[in-house]
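Please look over the model below with the protein–DNA contacts in mind. My notes follow as numbered points.

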Number of protein chains: 2
Amino acid sequence: MRPTTLTEAVYGRIRNDILLGLLKPGDKLKLESLRQRYDASINTLRETLSRLVADGLVANEGQRGFTVVPTSLADLRDITEMRQLLECHAARLSIQSADLDWESRVVGAYHKLSKIEQVIDTDPKRYSPLLEAYNRQFHGALISACGSRWLLNFHGVMYDQSLRYRMLAFQVRDFPRDQSRREHREILDAALARDADRLTALLTAHITKGAELYVEQDLTRAQGTKRRGPPPRRHAGPRK
Amino acid sequence: MRPTTLTEAVYGRIRNDILLGLLKPGDKLKLESLRQRYDASINTLRETLSRLVADGLVANEGQRGFTVVPTSLADLRDITEMRQLLECHAARLSIQSADLDWESRVVGAYHKLSKIEQVIDTDPKRYSPLLEAYNRQFHGALISACGSRWLLNFHGVMYDQSLRYRMLAFQVRDFPRDQSRREHREILDAALARDADRLTALLTAHITKGAELYVEQDLTRAQGTKRRGPPPRRHAGPRK
DNA sequence: AAAATAGAAAATATCCAATTTTAAAATGGA
DNA sequence: TCCATTTTAAAATTGGATATTTTCTATTTT
């Protein structure tokens, strides 16, 4: 589904630019520049930025305008643990009430992911953002039967946060090959075997490894401007 | 800390009105009416409403404006379970890294809560919103040493959501007496004894009971307008 | 030279008026 | 009663104007 309103479209674009690291942690988001870059009015921009504040991707201190939320190892650790908690819990619930539809979604998502992983693995030059999209869909499918909107909601937020760190890591280091492919395969097997314990163990390890991609570099250096305060504010909902 | 900007102030006021049930589930939030009621411009209003969308208190479907998010038993169940998950997890973590400061916050918060509970218990007419504030502070203190900003963040969202249901229940039924007082006492004891298992068990029960106040009435009747679709969208950060 | 201060320039937060789009309601026949 | 059309009420956006607040820079003071 494509955005029905301008605000939503711009929201998606800025969000994407932050997630991809085009807008770097700490960057000041001057309304005037944004106006030109995204071709929308100040008011529309402010509205979209407010939403991003809620997602924990943008900060809005007092009267000092908007900035891209800074990164830190502590924040990454927090996000990683939180994502593990939520994703494992949701995966467990999903397995409990797993039905054929769920299985079908999981297998389908895995297939897509697997195919593109194969392509990229043989030729790293062909890395595509599609990989990230399919990866998200696979993880999404796994927990799609958990039955809790809020859980999916929060998980989505954490997923995006961790994605940002991962993408930042790829800016300085090569995309890791092979390993995550095998992990995904194991995760799929555990899911289809309805082995909740094994599944959560695998997911935990998988998520940890993903985070390490970032930790390995010390990416917590100069970012945009000064204070690299704590993370977000208030935030909410998942994508329809 | 008082709001530094108009938007923040209005945000707080609308938020409060929704939590208190002054703005009822399903209510249409016409910008024009809001403009008068809260004395702010359309743009400012849109900005604050966007934030509330993130909190899962306001919905913003397509091009049909804003509405107060409807309530439903399914949603309440979801919220309740989610709050239990987060609050118990956070309480456990808190106990793990509990120090004297934490203990002091817990005891202090309990004291305030206890005092006002006593007053209200002897004279129900004197029910005060302060009780809710102190109750929040007590629960907040319990998990304040968990060390995870995101966890506190998400918990805050769930707490507010459950508070809304509770307040809606009080509109039709009397404030329950005595029981929760005893529960709080037990919770305090378990916390000070560093008994994580007992504490989480008590918290779970306590939260369940709180939710039942609402379930007991069938409060899921006509609310504002038509479709009472699913809950929220995206959401994010905690209060500073 | 470090610290404090005054003033200028830049950027925010807000508001208002006007336009374009959309959705919901009303109307008028088949 | 059920469509199709017109009307009407709102919402989404824009552009511009205005106070206020920050931030920067040059000037003084200690």
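1. A residue counts as near a molecule or strand if one of its heavy atoms lies within 4 Å of it. There are 20 residues around DNA strand C, and A:R46, B:T5, B:L6, B:T7 and B:T44 come nearest. Sugar and phosphate make up 79% of the atoms of DNA strand C that come within 4 Å of the protein.

2. A word on the basis. This is a predicted model, where local features need pLDDT of at least 70, side-chain atom pairs count only at pLDDT 80 or more, and totals for chains, interfaces and linings use all residues. Residues are numbered from 1 along each chain as its sequence is written, chains are lettered from A and ligands numbered from 1 in the order written, and side-chain values use heavy atoms, with hydrogens and water left out.

3. Phosphate contacts on DNA strand C come from both chains. A polar side-chain atom of A:R46 is 2.4 Å from a phosphate oxygen of this strand. For B:T5, a polar side-chain atom also sits 2.4 Å from a phosphate oxygen of DNA strand C. An N or O atom in the side chain of B:T7 lies 2.3 Å from a phosphate oxygen of DNA strand C. Two or more residues each are given to this surface by β1 (28–29) and α3 of chain A, and by α1 (6–19) and α3 (42–54) of chain B. Helices (H or I, at least four residues) and strands (E, at least two) are DSSP runs, numbered from the N terminus.

4. The surface near DNA strand C has five nonpolar, 11 polar and four charged residues. For DNA strand D the split is four nonpolar, 10 polar and four charged. Ala, Val, Leu, Ile, Met, Phe, Trp, Tyr, Cys and Pro count as nonpolar, Asp, Glu, Lys and Arg as charged, and the others, Gly among them, as polar.

5. Which residues come nearest to DNA strand D? Of the 18 around it, they are A:T5, A:L6, A:T7, A:T44 and B:R46. Of the strand D atoms within 4 Å of the protein, 85% belong to sugar or phosphate and the rest to bases.

6. A base is reached on DNA strand D: one of its base oxygens is 2.7 Å from an N or O atom in the side chain of A:N43. A polar side-chain atom of A:T44 lies 2.4 Å from a phosphate oxygen of strand D. For B:R46, the distance from a side-chain N or O atom to a phosphate oxygen of strand D is 2.3 Å.

7. Chain A has an open sheet of three strands, ordered β1-β3-β2, with antiparallel pairing. Strands pair if DSSP finds at least two bridges between them. β1 and β2 (58–59) of chain A are at the edges with a single partner strand each, so one side of each has no neighbour in the sheet.

Notes:
Polar contact = N/O pair within 3.5 Å; in protein donor to acceptor, adjacent residues only side chain to side chain.
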